[in-house]
Amino acid sequence: MRIAEIRLTPVAIPDKPLLNCKGVHQPYALRTVIEVICADGTVGLGESYGSIKALEGLRRAAPALVGLDPFHLHALKSRVAAALPEGGGINAKSAVADHKLVDVVTSAFEVPCMDIQGKVLGRPVADLLGGAVRETVPFSAYLFFKFGAHIGQVEDEWGEVLTPDQMVGEARRMVAAHGFKSLKLKGGVLHPDLEIETMLKLREAFPHHPLRIDPNGGWTVETAIYIARKLEGVLEYLEDPVIGMDAMAEVAAATSIPLATNMVVLEFDQIAEAYRKRAVKIVLSDHHYWGGLRASTHLGKVCDVLDMGVSMHSNSHLGITLAAMVHVASATPNLSYDCDTHYPWTGTDVIDEPFAFRDGSLAVPGGPGLGVTLDRTKLGELAAVYEAASIRERDDTAYMKQFDPGYERRVPRW
Ligand code: GKR
Ligand code: MG
């Protein structure tokens, strides 16, 4: 069995004006839909980032994979590494963390290869990862402060969310619509006292939901310790309160709340330092940059050995990514936290049967492979949106400046 052709389709997904410590989401989030086609006609699906560097890396590596056996995943990685000798990172300058191109591209092609393997064997991808240890995978409601409308557009269905009470309203709607059993707030947006008030109001409104807040390193060590003291006993975990391993270690030493990260531990090489410095108690996995689905289960094992927890990170994404997330989460035994997902904000998809959360969870697709099929009409529509859009790179700060010309990117902000 050999790979005969690879199709890469950049798409633009309509997004909401969601706020974070670096600015606001642009009207579109960019992704790339990947189709790996074997000589016998079997097609594997994948999804990855749509930013310029990621897309260029995918385009440069794809020809090197023609002729590869989709079961040969070590060879896949070496071919990708050979095709991208200068490696480097994929993120735009405005980002605060970077992801290695070779890992990102390897992962992007590993998923469709595993989809193919599953189709050939008649088994779900979860079975290729050791088998599902849970039939359903729970997700948390990903809450964002937000503007009511994009520039030049009418107000969206969520309206403006810029106060603690409005945030409780957003959470109620999210939970009512999808049944989520835990809540994660994207913080670092409002003044710290308002974000503390928000968490306390969420606690009051949802007494039994585990709560998390993630300001993406938007706080100084001093601010983070102040906030942690006010939220002792309230949070399940505190995600990336500050930037840098040493700063995380300082905050960790000052609070009993476990610290989680998708910003200081992004690669296997960084785990030892985080462990030594006791900087982090929970690592967020994400198959898009950890090197793939198998690498994500390896991360689970490493964390298990080090007595660290595993949760799952998300960026704006479509259903192909969500399918992969569900398979790998189901097959990572110690992934004991509800996974993040931006899916409820996406509102559109390229798969024939978009996912619907039940009690905040998704059932592991029965397969074979990822268990999802491509809606070509939708793919064509979102590809046309990409072609027509002027956005080629995520830049939350530049877009924020259109709302507020005096806005400056400051990390930490508070
Ligand atoms: O969508 O604004 C966002 C998030 O801030 C995202 O970019 C982060 O990567 O969700 C992510 C996180 O947990 O840090
Ligand atoms: Mg995070």
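Here is a walk through this predicted model, starting at its metal ion and moving outward.

Let's begin with the magnesium ion, ligand 2. Three protein side chains donate to this ion, namely Asp 214 through OD, Glu 239 through OE and Asn 262 through OD1, at 1.9 to 2.2 Å. If you like to read such sites off the sequence, the spacing to look for is D-x24-E-x22-N. Asp 214 sits in strand 9 (residues 211–214), while Asn 262 belongs to the loop between strand 11 (259–261) and helix 9 (271–276), so this pair ties together parts of the chain that are 48 residues apart in sequence. How accessible are those two? Asp 214 has a relative accessibility of 0%, so it counts as buried. Asn 262 is buried too, with 7%.

Asn 262 also leads us on to ligand 1, since one of its polar side-chain atoms is 3.2 Å from an oxygen atom of that ligand. The protein hides 93% of the 350 Å² of accessible area that ligand 1 would have on its own. Tyr 142 makes another polar contact, with a side-chain atom 2.5 Å from a ligand oxygen, and Lys 184 does likewise at 3.0 Å. Around ligand 1 you'll find 15 residues, the closest being His 25, Tyr 142, Asn 216, His 313 and His 342. By class, that shell holds eight polar, five charged and two nonpolar residues. Two strands, strand 7 (141–144) and strand 8 (183–186), each put at least two residues into the shell.

Next, have a look at helix 8, which runs over residues 245–253. Its buried residues are Met 245, Ala 247, Met 248, Ala 249, Val 251 and Ala 252. What lies over them? The cover includes helix 7 (221–230), strand 11 and helix 9. Those last two elements are the ones that flank the loop of Asn 262.

Finally, follow the chain out of strand 7 into the loop that leads to helix 5 (164–178), and you'll come to Asp 156. Is this loop residue buried or exposed? With a relative accessibility of 14%, Asp 156 falls under the 20% cut-off, so it counts as buried. Leaving aside residues up to four places away in sequence, Asp 156 touches Lys 16, Pro 17, Lys 146, Phe 147 and Gly 148. A polar atom of the Asp 156 side chain also lies 2.8 Å from the backbone nitrogen of Trp 158. For a sense of scale, Asp 156 and Cys 38 are 42 Å apart from C-alpha to C-alpha, with their positions 118 residues apart in sequence.

Definitions and conventions. Residues numbered from 1 in each chain as written. Chains lettered and ligands numbered in written order. Predicted model: local features only at pLDDT ≥ 70, side-chain atom pairs only at ≥ 80, totals over all residues. Heavy atoms only, no water. Donors = N, O, S within 2.8 Å, 3.2 Å for Na, K, Ca; no water. Helix = DSSP H or I, 4+ residues; strand = E, 2+ residues; numbered from the N terminus. Buried < 20%, exposed > 50% of the residue type's maximum accessible area, 1.4 Å probe, protein only. Near = heavy atom within 4 Å. Polar contact = N/O pair within 3.5 Å; in protein donor to acceptor, adjacent residues only side chain to side chain. Areas by Shrake-Rupley, 256 points an atom, 1.4 Å probe, with all protein chains shown as cover. Nonpolar A, V, L, I, M, F, W, Y, C, P; charged D, E, K, R; others polar. Contact = heavy atoms within 4.5 Å.
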